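I opened my notebook for a fresh look at a protein and its ligand. Come along and check each entry against the picture.

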Amino acid sequence: MSLSATAALERTAPHVEAARAAAPANDAPPKLWFDGELTDATQLQAALNTHALHYGSGVFEGIRAYATKRGTAVFRLPEHLERMRKGAELLGMSFDVAQATEAVLATLRANRQGDAYIRPLAWYGEGSFGLDVGGHPQHLMVATSSTNVHLGGNRTRVSVSKWRRNPATSLPPLKLCGAYVNSILAKREVKARGFDEAMFADDDGFAVECTGANLFIVRDGRVTAVEHRDALPGITRDTLIRLIGAESRPVSMEELRDADEVFACGTAAEVTPIGEIDGRVYDAESPLAREIAAVYARTVRGESSWSSGWLTEV
Ligand code: PMP
């Protein structure tokens with residue numbers, strides 16, 4: 001998704017400019033936290049018999065840090081790491097939230113990126129090709145990269161994928177690595193048909209979510225968060241429900257088509273208005289989605305009354 005709620009802020013805010021100026025020179029390799037140490041990212045490699053490489057036996061998070069007036073801060077870090085802990089537990093991995101918190105903060109300090117995307121990953125490493133993970137070592141890494149906002153201005157064109165979302169009864173909606181093959185298939189399928197992004201619908205005609213973002217609809221000024229048991233319980237979704245008091249309930253595809261506005265949300269996507277779903281074109285102005293995007297942008301930048309409880313200073 002290319003449109004970002006924070007775009008306008010990022011171009012103007014002095015603390016954002018200052019954070020960029022403090023970042024290391026482009027040619028310095030970024031540091032990556034791996035099993036307790038910060039190392040140049042270019043120096044690290046994974047073995048070819050890594051269990052997670054073959055079977056997706058890992059769990060990850062997508063988190064963001066923002067330059068605020070009080071310095072760089074991570075948005076809803078405990079909630080992201082708690083979700084990761086649940087995924088790790090399901091895979092039988094030990095996961096120390098306090099250690100992961102320190103790893104995230106240490107990597108951000110080392111890379112001095114200001115606005116950053118943060119990728120922690122816990123996975124099963126070297127060992128046999130059997131499906132039993134017992135005896136395989138566990139690893140943890142944290143990588144960070146600068147988030148570059150694209151000011152494309154083009155409105156995301158979405159299509160409903162022919163693939164169904166992993167049912168929660170087979171794969172719980174957590175950020176398990178292997179589960180994302182489902183998103184990759186859907187994205188590939190709709191891109192081949194000329195769309196930007198896929199969304200999932202279920203067999204009963206209900207909307208589920210996009211490949212890496214949750215959905216909201218707006219109808220007659222009322223904002224509704226799409227609820228579905230197979231969808232990831234997104235942290236951005238939860239943030240918006242609290243910020244604007246939106247209701248959460250199942251939404252049929254018919255209702256989605258009849259909506260005045262539809263928008264997607266997620267840590268990476270922030271709040272992204274959807275321009276079209278399979279030929280149904282929505283209000284080009286997306287007035288409420290844009291207003292909500294602005295509220296979200298202020299919140300992640302430490303400028304709303306909600307911010308202090310949700311930001312971890314680096
Ligand atoms: N759904 C899926 C499938 C995702 O991968 C993401 C991104 N983590 C989301 C929704 C949005 O979740 P969050 O707001 O926690 O980033």
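**Entry 1: the whole chain.** I began with the surface, keeping in mind that this is a predicted model. The protein has an accessible surface of about 14,400 Å², and 53% of that belongs to carbon and sulfur atoms. I then looked up burial and found that 48% of the 314 residues count as buried. For secondary structure I noted 10 helices and 17 strands. My last check here was on contacts between residues at least 6 apart in sequence: 69% of these join residues at least 24 apart.

**Entry 2: around the ligand.** Which residues are closest to the ligand? I wrote down Lys175, Tyr180, Glu209, Thr236 and Thr267, out of 16 residues that surround the ligand. Sorting this shell by class gave me 5 nonpolar, 7 polar and 4 charged residues. I also looked up which elements contribute, and found that helix α7 (235-244) and strand β14 (261-266) each supply at least two residues of the shell.

Next I read off some polar atom pairs. Tyrosine 180 has a polar side-chain atom 2.5 Å from an oxygen atom of the ligand. For threonine 267, a polar side-chain atom lies 2.6 Å from an oxygen atom of the ligand. Glutamate 209 places a polar side-chain atom 2.6 Å from a nitrogen atom of the ligand. On its own the ligand has 390 Å² of accessible area, and the protein covers 96% of it.

**Entry 3: helix α5.** I tried a little arithmetic on this helix, residues 97-111. With 15 residues at 1.5 Å a residue, α5 should span 21 Å, and its end C-alpha atoms are 21 Å apart, so the two values agree. What caps the N-terminal end of α5? I found aspartate 96 there, with a side-chain oxygen 3.0 Å from the backbone nitrogen of alanine 98. After the helix comes arginine 112, and I noted its positive phi, near 40°. The buried residues of α5 are Ala100, Ala103, Val104, Leu105, Thr107, Leu108 and Asn111.

**Entry 4: one alanine in a loop.** I finished with alanine 269, which sits in the loop between β14 and β15 (270-277). Is alanine 269 buried or exposed? Its relative accessibility is 8%, and the cut-off for buried is under 20%, so I logged alanine 269 as buried. I also looked at its distance to alanine 213: the two are 56 residues apart in sequence, and their C-alpha atoms are 6.9 Å apart in space.

Definitions and conventions: Residues are numbered from 1 along each chain as its sequence is written. This is a predicted model: local features need pLDDT of at least 70, side-chain atom pairs count only at pLDDT 80 or more; totals for chains, interfaces and linings use all residues. Side-chain values use heavy atoms; hydrogens and water are left out. Helices (H or I, at least four residues) and strands (E, at least two) are DSSP runs, numbered from the N terminus. Buried means under 20% relative accessible area, exposed over 50%, partly exposed in between (1.4 Å probe, protein chains only). Contact means heavy atoms within 4.5 Å. Accessible areas come from the Shrake-Rupley method with a 1.4 Å probe; for residues, only the protein chains shown count as cover. A residue is near a molecule or strand if one of its heavy atoms lies within 4 Å of it. A polar contact is a pair of N or O atoms within 3.5 Å; within protein, one must be able to donate a hydrogen and the other to accept it, and residues adjacent in sequence count only if both atoms are side-chain atoms. Ala, Val, Leu, Ile, Met, Phe, Trp, Tyr, Cys and Pro count as nonpolar, Asp, Glu, Lys and Arg as charged, and the others, Gly among them, as polar. The expected span of a helix is 1.5 Å times one less than its number of residues.
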